Structure formats: C-alpha cells, structure tokens
Amino acid sequence: MVNLQDLNPAQREAVTYCDGPSLVIAGAGSGKTRVLTYKIAYLLEQGMAPWNILALTFTNKAADEMKNRIARQVDSEKAQRLWMGTFHSVFARILRIEATSIGFTSNFTIYDAADSKSLIKTIIREMGLDDKQYKPATVAAHISAAKNRLVSPEAYAHDITCIRADQASRMPQITDIYARYAARCRQADALDFDDILVYTYALFSQHPDIRARYEDRFHFILVDEYQDTNFAQHAIVWQLAEHRQRLAVVGDDAQSIYSFRGANIDNILSFQKLYPGAKLFKLEQNYRSTKNIVGAANSLIRHNKGQIPKEVFSEKPDGQPLHVSGFMSDIEEAAAVAKHIHNLCDYDHVGCHEIAILYRTNAQSRTFEDALRKLGIPYRVFGGLSFYQRKEIKDMIAYFRLAVNPNDEEALRRVINYPARGIGQTTLQKVADAAVAAGVGPWQVVADPDSYNTGISKATAAKLMAFADLIRSFAADVTHTDAATLGRRIAKESGMESEIFRGREPEDISRQENLQELLNGMNQFVDERNEEDGPDRALMTHYLQEVSLISDLEESNDDSDEKVSLMTVHSAKGLEFRIVFIVGMEENLFPNQMATSSLRELEEERRLFYVAITRAEELCYITFAMNRYRYGKQEFSTPSSFLSDIDDKFILKRDPSASRQSSSDAGGPRAMSPTPPMSRFGRKTAPESPFAYRSKTPPTGSHAENAAQPSGSRWHSIFSSGAVAATPGGKSVESATTAQGTLRVGSVIVHARFGRGHVTALTGQGVDAKATVEFDNVGSKQLLLRFAKFTIV
DNA sequence: ACTAATAACATTTTT
DNA sequence: TGTTATTAGT
C-alpha cells in the first residue's frame, strides 16, 4: 500500500502528478529514489498494469535497488512484470525481439569497450594507417561520440563539424574507419554498447509500426538520473513518449559528471522546451547531511552558471565545518588520514564501513592502501578491474560467445589460439587477409580454409578445421542445453580448465577461483531462470545477454564486514557515508589537469567536487599535499582553487592530526565527534607565518638539512595566506626574488635534495612563483619558490 | 611461437 | 610508478 504520508509535500506532488510530462529536480540526498519507487507504486495502485510502465536507470544496481523497494510496497508478482532496467538492457531486449528488422539476428553479440577498441585497432592497421597518429582509443572515442549524437557513418562523412575536427586533430580518415567499423560489426552480428541505442532509435524511426507497438505498450515512462542521458537516449525517450506525453524524469543538473561518456546536461536543462507544459518539481530538502555540509556544497556550486536554480537545505543539526588540511607530501597526507580513521574507530566508536576515502583518480588509492594496511585498518577498494574484465573470464566468455555466434570476430581472435593450439600470428594474418579479400568474416575462412586462397599449409589448415569443429560442436548444444551445463562442457573441452588448473602460483589459484566462481554463477543463473521463467529461458544466449551488460558482480556489499571504502568520486555517486575524506584536493589533480581547458570542463569538475562533499552525512574532511609523486616523479602542487569557492564560514582549515590541540577552535571536533588526542605532531606557530606549523621534532639544522628530509619535518597549512591559489601556473615572469637574491632564467642553483641545476623558466607571482629547473642528475622539476630550499650559485 | 626485455604511456568510465 | 604493448631473442 502506498502511504503518501511518508512523503514531504514536494515529493508527494511529484509522485501524484501523472497526467503529463514532469521534471523532478532532486537535490543531493533529497529522496530521489523514494519518489521514483513511490510513483511506480502509485501508478500501480491507480490501476496501471505493470507491463505498461517503463522505468529506465543507468546502472544495474539502481535498477535492482528500485525493484527491491517496489517489491516491498506492492506484491512482488507485479513488481516482476515491470519494464525496468538500464537503458541498455531494456533496449537490447527489444532489439533481440526485433533484430531482423535492423538486419541482425536475435543471437547478436554485444561488444564491450575492449572489443570495440580492438576491432578499431585492426581496422586502422588494415587501412595501413599509423596507429600512433590514429590512436585506437581516441578514434573509438570519436566514433562513440558520433553514435551518442546519432550521427551515422554516412552523416559523419557529410558533417562539416566532424570533418573539420578530425582534420584539426590530423585524423581525417576517421570517417572511413567509422564506416568500416560499422560494416565489420554487422558482419560479425555484433552491436557495441552505443549501437544498442543507435539501432533502437533507427528501429523506431524506420519502422513506424514497430514504434507504435512500443508506444502503445508503455503508458508511463520514468527515467532516473536524467542529467546523465546522452542525445541518443533523450531521443529514444522522445520516440516513446511523444504521443502520450506521460513521463517523469528525475535528476540533478548539479550532479552531472559523465559528459565524457556523452552525457549532455542540456537534455535536462532544456527538458521543458521539448516537453512544453512539463511540470517542474524541486526536491530541495536534503535528508542526508548536516547544515554545514549542505551549506558548503551550495556555496561551492553557486560558482557554476547555467543551472536550474534551487536552494537545497537541511534540517539536521549544524554539525561541524568541513576540515581542510594540508600536508607536506602525499605520503604524509595518507598517513594522517589513516591515523585519524584509526582514532575515529578506536575512540569515537565509528564503524569503518561508515567511512569513505574519495579521490579523483584511481592511481591515488595505493598510498592510502599502504597507510591503512600499516595501521591494520580494514579497507576495500572499489573500481579497478571488474570480475568480467579479468583475462580468464573474458577468455571463457569468448568461447561462450563463439558457441552462440561463431561470426563474433573479437571472440574468435581472443581464443583461436588459447589455449595454444599452434595457430600463430602468421596463420592469423593469412586468415585475415583472405577474409578481407573475399569480403567475408574470419570465421568463414577458419571454418572452411580450403575454399579460400589462404596460402596456409595443409597441416595448419587441419588445425583451423579442428578448432572450427570444436566450436561447431559447442554450437550444436546451444539451443537445448542450459547455460551451466554447456559452460562446464566448454571449460573442459576447450582446454581452458586444464590450462588454468595447471599452475600452483598464488595468482594461478586466484584464476582457478575465478573460473570456479564463473561456473557457480552460471549454475545460480540457471536455477533462478528455471524457477521463474521455465527451462527454455536458461540457455547460453540468455546468460550472455545478461552478462554482457553487467560490469559489477562484486557488489556483494556485505554490510557485515566493516571496511573503509576507497573509491573515485565518480563511483561514489549515489552513495552516502557518515564520514568522508576527500583527498588530493590540489590544482591539476582536482580539478584535473585534463579538464582545465574549457569552462565547461572546469564546471564539471566542480560538480564532481559537489558530488564528493554531498556524500557525507556528518563529517567531511578535505586534504591536500604540497608534494606528490606523479608518474614516479615528485611534483609540487598547490591547493585546489575549488577550496576558495567554498564559503569560509563552512570551513575549518586545520590539520586533522592536530585536532586535540585545537579544542579552542569554534565548532571543533568535540562538538559532534570527540576526536581524541592522536597526533605525533605537536602544533607550533612558525615565526614567518602565524599559520605555518612545525613538527614535534623541530628542524635542528640548516635549511639544507631540513629540506633534505622533507617528509615529516615541516608542512604548511593552507592558512598560509594565498596558498589557496586561484589559478595554476601563472604567466612567465622575468625574475623572482628569493631570500638569497634574484633568480633568473639561466641561473644555476644547488638544491638540497636534487643537486645542481639551471633555471629554464619562471612562472607565477608572489606565493605562486615557481621555477622550472633542469637538474644535472634528476631531470626537470618545478620548484615552488616559497618552499624550495636551494642556493643560487 | 613463446618468453623476456624495453619502450611508451598515463582522468573519470553507469553500459 | 605501474601497466601495457611492441620488439628482440632463443
């Protein structure tokens, strides 16, 4: 039963308005999922049949969560019959049914990103292009962007903007690559991720009768995370909703952080133009975070223009300000965070699972892993290689794919010689040549090498045929053997099992466990399907359909195991934690260097920071380091300019590891979380700045000695005036004055740690003044003159 | 045809 | 620094 009393007025209005289009702007933590689930329950209660409701999400996780929550409100029988899932899974399902209308078979393969890239690479090579100039990843990104905008290869060739852009990036032949790639996918009976949307749109626009059928089916459409839709998704929703105009989209423009994947924030910003009369509902009460956290996030995001105006507020306690702290190095940063977590757990009875460390890039996780491990704090790193991306799993699945669709070129390439069966590079090249010459897929040649002009020896041809026979024998079982049984058979007869079970190294064991897990998962899949849908729905085809659109098996989020979560800000979206550490808050890292060229990109980085802050319920710590190892080299960094975007009244600038010293600080940690004494750092005020700190072991020697051991010796808080740089890397300057005199380009210096070198460039003014120095022994480095210890020769 | 060595390289990544 | 892809060597 739907109890509308559970909702606040804004939520209730959004739930009960069902007669036309509506846009629900849901601020962070405002109960977005709640509105979606209640709305679906409400529609069902109003008498709408579940199969007339289409609910689209971006992740399987979101879809599952919604399903579960709805099942709690209405009977699960009904919940089962909803059309609910990710864009890709719902439309892949429809495409399988309608496959022949777009010239594919219902057994089509879904190429993942790696498959696409690999195929693009082979096409680039076949065209005789230089793959340094045409980097497969870059080309793939261009093609993907085109597809996201529904630009076909033909349209691409005539699109002045695309052509110009490709010429500018010295890749004029991308349009050819795109055309060949599309043809090759078709030949392999394969769709990539983007194609699922592209061909859905094509299906509906080329076959009005089919479109009408689905328009007729979906009486109400709901879309989650609308700010993350790309143009193709936006257009498909329009195809299905145009006639009835009965849809509700939910999202938050302030949390749009996937433009690099083709998401277009304009879709949500201009929703009311496309759907005139669309009702706008704003969910502005944040139920997650304290007033301070919400206030800080608001003050930050105000610096972005072009957003839907809203005022998110909280009725929770004020809580503590955001704690911002600087450290001398990334190592110290990690150590201090780990130490602080240790204390929170020990003295404040915080569970580790209530804490998250969020960073901009995956590479940052290592330092924190080391620091946490040192203190014996349990942690869990999210992201990284997912189960289905591991080699042994991909190999196994490639066999499955071949069994269902032997034309799957990428699967064939992957396992034709794994385990090794004497089909080497030369043979493969000959097969590829013959296939291209004859205009067929490589499988045709492998299956019948004698019929093509391959120049392959008799013995090798026999190996090819043996492989083809093997695949055909698997294929013969596809329609009448369940996925798990066939899977075990393939594992044995392909030789993969004995290959993997040969080794005794720890990593071999892990591969064996993975294979075992895969097969177990297949058993589970078959059992579930047998119960729910009957045995003919548990075939390999169905298994692959499911598996190729899933990236995360490892979401077995055992709340039982208490671990600190480590993840990128991106993967934290949608999650919440009592205590959040946002680390590496430095210019060129966050905002990332790659995203500083345009305002658009910079604003997306700012939204990313917004997402990070709003993950926190109670406490938010922000840290940065003045020195950081990047690509194996130590580099200087400055605090992120985003820090100065947050209103000062929400921030406490301090060292988390010195918390006990600061009991006098207004709103200090005692207010909410009596952070215990913990620091091995005392806190003293350095003479040159009221806000510079010194370690407990004061530097005894000269400047040189001090700098020779920077770690743990001395660090500056961002209190040091101006340390929060507004912009990175200022303009070139002619000279800079240092304590020892004037530094010019060409000056020779001796650095305490790096030795002798000469200045090649000077940039920045005042506290941001930097020198680029070419050192005799250690290469080029940037020195921040405010901190660098050296003498001018 | 496989392994070892080396060079190039490097955001984020729901599907 | 750490991975990944190509190349050289056996």
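The largest nonpolar core of chain A has 51 residues. Within this core, the residues with the most contacts are F400, F467, I490, L518, M540 and Y543. The model is a predicted one. Helix 19, which spans residues 391–404, supplies the largest share of the core, with 9 residues.

Take F400 as a way in. Setting aside neighbours within four places in sequence, F400 touches G487, I490, L518, M522, M540, Y543 and L544. Apart from this core lies another one, of 42 residues. Its members include I210, V223, Y226 and Y275.

| Core | Residues | Some members |
|---|---|---|
| Largest nonpolar core | 51 residues | F400, F467, I490 |
| Another core | 42 residues | I210, V223, Y226 |

Now for a pair of helices. Helix 11 covers residues 193–206, and helix 12 covers residues 208–217. They pack at an angle of about 105°, and their axes are 5 Å apart. Angles of 65 to 115 degrees count as roughly perpendicular, so helix 11 is roughly perpendicular to helix 12. Helix 11 brings L203, F204, S205 and Q206 to the contact. Helix 12 brings P208, I210, R211 and Y214. By class, this contact has 5 nonpolar, 2 polar and 1 charged residues. I210 of helix 12 takes part in this contact, and I210 is also among the residues of the 42-residue core.

Finally, the whole chain. Chain A has 793 residues, and 54% of them count as buried. Its secondary structure comes to 30 helices and 27 strands. Among contacts between residues at least 6 apart in sequence, 74% join residues at least 24 apart. The accessible surface is about 34,400 Å², and carbon and sulfur atoms account for 50% of that surface.

Key
Residues numbered from 1 in each chain as written. Chains lettered and ligands numbered in written order. Predicted model: local features only at pLDDT ≥ 70, side-chain atom pairs only at ≥ 80, totals over all residues. Heavy atoms only, no water. Axes fitted to C-alpha atoms, helices over the stretch in contact; angles between N-to-C directions. Helix = DSSP H or I, 4+ residues; strand = E, 2+ residues; numbered from the N terminus. Parallel < 35°, antiparallel > 145°, perpendicular 65-115°, else oblique. Contact = heavy atoms within 4.5 Å. Nonpolar A, V, L, I, M, F, W, Y, C, P; charged D, E, K, R; others polar. Core = buried A, V, L, I, M, F, W, Y, C linked by side-chain atoms within 4.5 Å. Buried < 20%, exposed > 50% of the residue type's maximum accessible area, 1.4 Å probe, protein only. Areas by Shrake-Rupley, 256 points an atom, 1.4 Å probe, with all protein chains shown as cover.
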